[in-house]
Amino acid sequence: MPSPAPLPDAPRWAALLDGWRAAPGALHERLGERLRAAIERGELPPGARLPAERPLAALLGVSRATVVTALEDLTVGGWVTRRVGSGTHVASTAPRAAPLLTLRTPAAGVPTAELDFTIAVPLLTDRHRQQLREASLDAYRESVYHPHGLPDLRALLAETYTREGLPTRPEQVIVTSGAQQAIALSAATLLRRGDAALLETPTYFGAIDVVRAAGAKLIGVPVTPGGVNPDTFAALARTHGPRLAFLTPTYQNPTGTVLPAGARQRLAAFLHDAQLPTLEDDTLLDLGFTPAPAPPRLSALAPGAPVINVGSLSKLYWAGLRVGWMRLPPSLAAALAQAKTLADFGGSLPAQHTALHLLADLPGLIRDRREHVRPARDLLAQLLRTHLPDWTFTVPDGGQFLWVQLPRPHASAFTQHAARHGLRLFPGASMGVTPLADQYLRLPFTLDPAQLPEAVRRLQAAWTEFTARGGSERLA
Ligand SMILES: Cc1ncc(COP(=O)(O)O)c(C=O)c1O
């Protein structure tokens with residue numbers, strides 16, 4: 001038999017697996033253990049391709065059978081997926097230690113022509129740039145530290161909540177570095193290692209990563225077309241006794257679902273009775289495309305429940321501003337105010353002045369975003385229906401994603417394949433709290449609309465090539 005082609009990137013693999021033989025056990029167990037640890041540490045991120053069997057065996061000086069057995073064990077354990085033609089990849093559902101966002105941040109050298117469907121952030125126009133320059137100048141007249149946020153901004157946010165049916169005092173509002181910091185501070189304050197936390201599944205990956213990093217046990221409540229079922233939520237809460245819940249009742253990320261008014265009422269009543277600390281993430285709340293307002297917040301329906309509302313300008317304006325906030329129930333206000341002070345002595349003042357300026361015309365901001373995002377949603381939906389008719393999705397009434405179901409359960413392998421066509425995609429399964437069918441893609445419609453036809457052309461080309469190669473589930 002001819003000797004295998006040398007392993008590309010051999011020095012990197014040799015370094016990654018260095019010392020693997022030192023552990024006890026059969027060779028295939030030691031190798032599997034080493035690869036598993038690399039996946040857990042985030043050295044091999046979801047979707048990363050593992051070497052082919054023969055060159056890896058040659059590099060390690062073992063038989064091919066040893067490598068095959070190790071990879072088969074990892075497949076059975078849900079750590080990797082294997083397909084004929086595209087090889088072995090780290091499974092998108094594999095537990096990860098590194099946050100998904102850092103794993104997907106474009107690396108130096110990524111071609112600029114790549115179209116990125118992994119993040120959904122509004123684009124900054126020239127008018128936005130001018131606003132940023134002007135508003136941030138006000139910051140230099142200020143005292144330097146406002147650990148809980150610029151007083152005028154806290155007051156304005158409190159007024160906005162009050163006007164929207166949730167009476168709020170400025171002391172209940174803390175300005176944070178994006179919604180993500182509000183979620184992270186809450187999880188770090190409320191969770192101890194080993195506690196249970198209840199999250200929708202699928203859900204926003206930043207929340208999954210934060211709760212996982214806190215050492216909590218993640219319990220997933222399935223998202224149905226009408227959001228989470230309050231009875232399922234209550235039953236899981238009774239079984240697992242969570243210390244924290246994370247919910248996105250309006251335009252859920254990634255499914256776009258809205259929890260209907262009746263279900264909200266029941267869920268809010270349960271949160272009140274159970275006194276379960278809950279993050280109600282309103283980050284996408286103002287991104288609705290229908291004239292009807294979203295149903296009331298859980299916190300408005302159950303004023304006595306320990307619900308923390310999280311908001312942000314990232315989706316309405318620009319994620320680079322890093323201005324978010326949380327509205328705290330009185331029972332949690334002191335602990336979270338302290339956590340924010342200790343974290344950073346307060347957020348950037350130029351950014352908060354810009355936020356103050358922008359939020360003075362919240363209806364205008366909402367109108368602007370809606371006018372940009374709604375046509376992009378319709379265009380992406382229409383292009384997909386035309387060019388990829390066997391992909392299915394429901395067009396959401398708001399938010400920023402199409403949650404697309406593929407006809408076959410190979411979304412992770414497809415995302416790998418699509419990279420060759422200059423597309424960066426998240427497999428939907430990486431947003432599962434519990435293992436999720438590998439059949440979904442989250443496609444944001446926040447790309448520049450002018451790029452959408454090209455993006456869908458690439459998706460179609462990648463899909464045609466991918467399916468022509470078999471879509472077989474046989475092992476390599
Ligand atoms: C539901 C949800 N919550 C929070 C965030 C984080 O937003 P920020 O950029 O304000 O930290 C996002 C961003 O993707 C999101 O979709």
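**Group meeting talk: domains, sheet and ligand shell of a predicted model**

Let me begin with the overall layout: the domain assignment for this protein chain gives domain 1 as residues 10-90, domain 2 as 100-120 together with 370-468, and domain 3 as 126-360. Please keep in mind throughout that this is a predicted model.

Taking domain 1 and domain 2 as a pair, their centres, calculated over C-alpha atoms, are separated by 29 Å. Domain 1 puts 10 residues into the contact and domain 2 puts in 9 residues. If we sort the domain 1 side of that contact by class, we find 2 nonpolar, 6 polar and 2 charged residues.

Staying at the beginning of the chain, I would like to look at helix H2, residues 27-40. Its 14 residues, at 1.5 Å a residue, should span 20 Å, and the C-alpha atoms at the ends of H2 are indeed 20 Å apart, so the two values agree; the expected figure uses one less than the number of residues. Which residues of H2 are buried? They are Arg30, Leu31, Gly32, Leu35 and Ile39, and what covers the buried residues of H2 includes helix H4, residues 64-76, and strand S2, residues 87-90.

Now to the sheet. There is an open sheet of 8 strands, with mixed pairing, and reading across it the order is S4-S11-S10-S9-S8-S5-S6-S7. The edges are taken by strand S4, residues 173-176, and strand S7, residues 227-228, and because each has a single partner strand, one side of each is left without a neighbour in the sheet. For S4 the partner is strand S11, residues 324-327; the two run antiparallel and are joined by 4 bridges. Within that pairing, threonine 176 has glycine 324 in S11 as its bridge partner.

That brings us to the ligand. Of the 14 residues around the ligand, those that come nearest are Gly178, Ala179, Gln180, Ser312 and Ser314. Which helix gives the most to this shell? It is helix H8, residues 178-190, with 3 residues. By class, the shell around the ligand divides into 4 nonpolar, 9 polar and 1 charged.

Let me take alanine 179 from this group, which has its place in helix H8. Alanine 179 is buried, since 28 other C-beta atoms lie within 10 Å, where 20 or more would be enough for that label. Setting aside residues up to four places away in sequence, alanine 179 touches Asp281, Thr283, Val310, Gly311, Ser312, Ser314 and Gly324. Two of the names in that list, Ser312 and Ser314, also come among the nearest to the ligand, and Gly324 is the bridge partner of threonine 176 that I mentioned a moment ago. From alanine 179 to aspartate 282 there are 103 residues in sequence, yet the C-alpha atoms are 9.0 Å apart in space.

Within the same sheet, leucine 247 has its place in strand S8, and leucine 247 is buried, with 25 other C-beta atoms within 10 Å. Beyond residues up to four places away in sequence, leucine 247 touches Glu200, Thr278, Leu279, Glu280 and Asp281, and Asp281 is also touched by alanine 179. By contrast, leucine 247 and leucine 7, which are 240 residues apart along the chain, have C-alpha atoms separated by 45 Å.

Some backbone details deserve a careful look when you have the model open. Most residues other than glycine have a negative phi, and most peptide bonds are trans. Against that background, a cis peptide bond joins threonine 201 and proline 202, with omega about 0°, and proline 202 sits in the loop between strand S5, residues 196-201, and helix H9, residues 205-213. Another cis peptide bond joins asparagine 253 and proline 254, with omega about 15°, and proline 254 lies in the loop between strand S8, residues 244-247, and helix H11, residues 261-274.

That loop between S8 and H11 also holds tyrosine 251, whose phi is near 55°, a positive value. Phenylalanine 345, in the loop between helix H13, residues 330-344, and helix H14, residues 349-359, has a positive phi as well, near 60°. Are these residues buried or exposed? Tyrosine 251 counts as buried because it has 25 C-beta neighbours inside 10 Å, whereas phenylalanine 345, with 11, counts as exposed.

I will finish with strand S12, residues 401-405, where 4 of the 5 residues are buried, so that S12 is largely enclosed by the rest of the structure. S12 runs antiparallel to strand S14, residues 440-444, and 5 bridges join them, one of which pairs phenylalanine 401 with proline 444.

Terms used
Residues are numbered from 1 along each chain as its sequence is written. This is a predicted model: local features need pLDDT of at least 70, side-chain atom pairs count only at pLDDT 80 or more; totals for chains, interfaces and linings use all residues. A residue is near a molecule or strand if its C-beta atom, placed from the backbone, lies within 6 Å of it. Ala, Val, Leu, Ile, Met, Phe, Trp, Tyr, Cys and Pro count as nonpolar, Asp, Glu, Lys and Arg as charged, and the others, Gly among them, as polar. A residue is buried if 20 or more other C-beta atoms lie within 10 Å of its own, exposed if 12 or fewer, and partly exposed in between; C-beta atoms are placed from the backbone. Two residues are in contact if their C-beta atoms, placed from the backbone, lie within 7 Å. Domain bounds come from an automatic or database domain assignment. Two strands pair if DSSP finds at least two bridges between them.
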